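Hello,

Here is the structure I promised to pass on to you. Please have a look at it before reading my notes underneath.

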Amino acid sequence: MSIYSKKPQGFYVYAYIRHKDSPNGKAGTPYYIGKGTGNRAWKHCSNDVIHPPTELSQIVLLETNLTDLGALAIE
C-alpha cells in the first residue's frame with residue numbers, strides 16, 4: 001500500500017529516496033526523479049532500469065496536479 005490515501009490527480013513529479021548510504025550518495029538523498037500519472041511512481045516496469053524502492057515511504061511526491069508540460073518542466 002501507499003502512504004498516500006489516493007492517486008494524485010493529473011501529472012506529478014516524484015523522487016525515490018535512498019534509505020541508506022551508498023557509493024553514489026547519502027541516506028535521505030534522491031536517486032531518481034521522475035514524472036508520472038496514476039500509479040507510475042509505485043509500479044515496477046520490466047523495461048526500466050530504476051525500480052521503485054521496496055519501502056514505499058521512500059517515495060516522495062514533489063508536485064501534483066500538473067499538466068504534462070508542467071511536470072516535464074519540473075522534472
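Below is what I found about the aromatic side chains.

Please keep in mind that this is a predicted model. It contains 5 aromatic pairs, and one aromatic cluster is formed by Tyr-12, Tyr-14, Tyr-16, Tyr-31 and Tyr-32.

Let me start with Tyr-14 and Tyr-32. Their ring centres are 6.1 Å apart and their planes meet at 50°, so this pair is tilted; the planes of a tilted pair are neither under 30 degrees apart nor over 60. The two residues come from distant parts of the chain, 18 residues apart: Tyr-14 belongs to strand E1 (residues 11–17), while Tyr-32 sits in strand E2 (residues 30–36). Tyr-14 is buried, at a relative accessible area of 0%, whereas Tyr-32 is partly exposed, at 26%. The cut-off for buried is under 20%, and exposed begins over 50%, so 26% falls in between.

Tyr-32 also pairs with Tyr-16. Here the centres lie 5.5 Å apart and the planes are at 35°, so the pair of Tyr-16 and Tyr-32 is tilted. Once again distant parts of the chain are linked, with Tyr-16 in strand E1 and Tyr-32 in strand E2, 16 residues apart. Tyr-16 has a relative accessibility of 1% and therefore counts as buried.

I hope this helps you find your way around.

Best wishes

Key: Residues numbered from 1 in each chain as written. Predicted model: local features only at pLDDT ≥ 70, side-chain atom pairs only at ≥ 80, totals over all residues. Heavy atoms only, no water. Phe/Tyr/Trp six-rings, centres within 6.5 Å; stacked < 30°, edge-to-face > 60°. Helix = DSSP H or I, 4+ residues; strand = E, 2+ residues; numbered from the N terminus. Buried < 20%, exposed > 50% of the residue type's maximum accessible area, 1.4 Å probe, protein only.
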